[in-house]
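Work through the exercises below with the coordinates open, and try each task before reading its solution.

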Amino acid sequence: MTDLLIRNARVVVTMDAARRELPETDILVRDGVIQQIGPGLETQGRTLSARGCVVTPGLINTHHHLNQTLTRAVPAAQDALLFGWLQTLYPIWARMTPDDIRTAAMVGLAELALTGCTLSSDHLYIFPNGTRLEDTIEAASELGLRFHPTRGSMSIGQSAGGLPPDALVEDEAAILNDSIRVIDAFHETGPGAMVQVGLAPCSPFSVSRELMRDAALLAREKGVRLHTHLAENDEDIAYSLAQFGCRPGQYAEDLGWTGADVWHAHCVKLDASEIDLFARTRTGVAHCPCSNCRLGSGIAPVRAMRDAGVPVALGVDGSASNDAGSLIAETRQAMLLQRVRSGADAMSAREALEIATRGGAEVLGRAAELGQIAPGFRADLAIWDVTGLEAAGAWDPVAALLLSGPPRVRDLIVEGRLVVEGGALSRVDAARLAADQNRAVTRLMAE
Ligand SMILES: [Zn+2]
């Protein structure tokens with residue numbers, strides 16, 4: 001039996017059914033699970049003071065391409081739209097080795113951890129030079145983060161009219177076989193699962209209709225979730241109309257890509273009928289506001305989605321289109337962007353925090369055990385010190401998390417274990433990680 005008592009938090013933002021915010025409160029964690037919340041709790045185990053801190057549920061990232069942390073701020077990709085941006089980066093991604101992919105995953109996940117994220121998804125859709133999904137799974141395990149990797153794929157290369165170079169696409173039978181392999185090897189189903197695998201053909205413009213359909217059938221047979229990119233920008237809509245004769249929502253529905261076990265990244269260009277479709281079918285959306293700004297894709301209609309009942313979560317997206325990977329900054333951006341679209345009352349700081357926590361848990365199918373601070377829920381917690389410079393003087397420390405700061409957590413707890421402690425990664429040397437990353441990029445630039 002391992003106890004951890006978090007004592008004297010200035011505020012605990014529970015995100016429970018009543019959205020209670022509890023002042024001067026303790027949280028008792030036992031064996032990875034929240035046991036008790038309230039004042040004056042006691043333990044024989046470890047105690048961690050949270051005086052002057054806001055404690056929130058761990059933030060949840062539902063869309064990323066961790067390998068892209070090796071292609072941040074690439075000059076030719078800085079000012080391109082989605083399709084041109086992809087064509088600039090594909091050849092660089094094709095040169096990556098399994099070691100590169102692992103290093104990039106460590107760097108991306110470390111940045112997420114330091115900015116409040118306890119559970120991240122990843123969408124790895126290239127497997128160059130012998131890369132395997134477990135290269136990223138091992139990175140998450142080393143850092144101590146909960147992880148939902150998805151087995152991505154591309155199967156239509158340039159010679160077949162697709163966007164990616166032929167060297168980066170795979171045979172569809174091989175994709176499905178490897179999907180079965182990684183689900184059988186790594187997907188956990190019990191309470192507190194640390195790894196859950198999903199299936200994620202990259203996008204309607206890089207795989208066939210048959211692979212989309214077969215991936216959906218396989219996911220349902222295996223009881224895993226489905227993820228892809230959808231309706232990201234105007235080019236994407238035009239491609240769908242020209243190639244498939246329908247909008248992306250229709251395409252998704254026809255191939256089995258709607259339902260509570262499906263979440264789509266971006267959805268910037270969903271129209272009213274597609275929002276209605278997603279709400280009726282409980283199809284989830286990973287909203288990626290920084291990436292949408294960075295690539296000039298537009299402002300996703302998140303207010304309309306939420307009002308209609310679409311499950312919405314957040315994603316930092318890959319570090320080639322962000323180019324950061326701060327989940328708290330992404331949450332702030334989500335709040336700001338809805339205000340640009342619909343006015344200052346379009347989204348509060350608290351609603352954005354809810355999307356980043358409860359929203360993420362729902363979209364990833366973990367709402368019964370993650371996204372809230374409540375007895376029986378897993379102990380995934382972010383502890384934010386609001387006594388420092390950025391938040392000093394804030395009248396409302398909870399809203400201040402997004403309106404002012406701090407930009408990083410003091411401590412991060414996943415399954416009751418400290419992953420970040422006193423502002424530093426507990427298990428991994430951040431300076432060594434950055435050095436590994438810089439070495440890999442130097443080689444990729446020279447090749
Ligand atoms: Zn993406």
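**Exercise 1.** Identify the protein atoms that donate to the zinc ion, and decide how the geometry of the site should be classified.

*Solution.* In this predicted model, the zinc ion is held by NE2 atoms of H63, H65 and H229 together with an OD atom of D317, at distances of 2.1 to 2.4 Å. The next step is to examine the angles among the 4 donor atoms, which run from 88 to 175 degrees. A tetrahedral assignment requires all angles to lie between 85 and 135 degrees, and the site is accordingly classed as irregular. Turning to the sequence, the donor residues follow the spacing H-x1-H-x163-H-x87-D. Within that pattern, H229 belongs to strand 10 (residues 225–230), whereas D317 lies in the loop between strand 13 (312–314) and helix 11 (327–342), so that the pair links parts of the chain 88 residues apart. Both H229 and D317 are buried.

**Exercise 2.** Describe the largest nonpolar core and the surroundings of W85.

*Solution.* The largest nonpolar core comprises 117 residues, and those with the most contacts inside it are W85, L86, W93, W257 and L412. Helix 2 (residues 98–114) supplies the largest share of this core, namely 10 residues. Apart from this core lies another, of 20 residues, which includes L4, I6, L22 and V55. For W85, once neighbours within four places in sequence are set aside, the contacts are with Q68, A77, A80, W93, R294, L295, A320 and S321.

**Exercise 3.** Place R213 in its helix and establish which residues it touches.

*Solution.* R213 is found in helix 5 (residues 209–222), and its relative accessible area of 39% makes it partly exposed. Beyond the residues up to four places away in sequence, R213 touches L255 and W257. The C-alpha atom of G256, a residue 43 places from R213 along the chain, is separated from that of R213 by 6.5 Å. Finally, the side chains of R213 and D214 are joined by a polar contact of 3.1 Å.

**Exercise 4.** How many disulfides does the model contain, and why is C53 not bonded to C117?

*Solution.* A disulfide is a covalent bond between the sulfur atoms of two cysteines, and the test applied here is a sulfur separation within 2.5 Å. The count comes to 0 disulfides. C53 is unbonded because the closest cysteine sulfur, in C117, is 19 Å from its own, which is too far for a bond. C293 is likewise in no disulfide, the nearest cysteine sulfur being that of C290, 6.4 Å away. As for accessibility, C53 is buried at 0% relative accessible area, while C293, at 37%, counts as partly exposed.

Definitions and conventions
Residues are numbered from 1 along each chain as its sequence is written. This is a predicted model: local features need pLDDT of at least 70, side-chain atom pairs count only at pLDDT 80 or more; totals for chains, interfaces and linings use all residues. Side-chain values use heavy atoms; hydrogens and water are left out. Donors are N, O and S atoms within 2.8 Å of the metal (3.2 Å for Na, K and Ca); water is not among the atoms, so sites may look incomplete. Four donors count as tetrahedral if all angles lie between 85 and 135 degrees; four count as square planar and six as octahedral if opposite donors are over 155 degrees apart and all others between 65 and 115; anything else is irregular. Helices (H or I, at least four residues) and strands (E, at least two) are DSSP runs, numbered from the N terminus. Buried means under 20% relative accessible area, exposed over 50%, partly exposed in between (1.4 Å probe, protein chains only). A nonpolar core is a set of buried Ala, Val, Leu, Ile, Met, Phe, Trp, Tyr and Cys residues joined through side-chain atoms within 4.5 Å. Contact means heavy atoms within 4.5 Å. A polar contact is a pair of N or O atoms within 3.5 Å; within protein, one must be able to donate a hydrogen and the other to accept it, and residues adjacent in sequence count only if both atoms are side-chain atoms.
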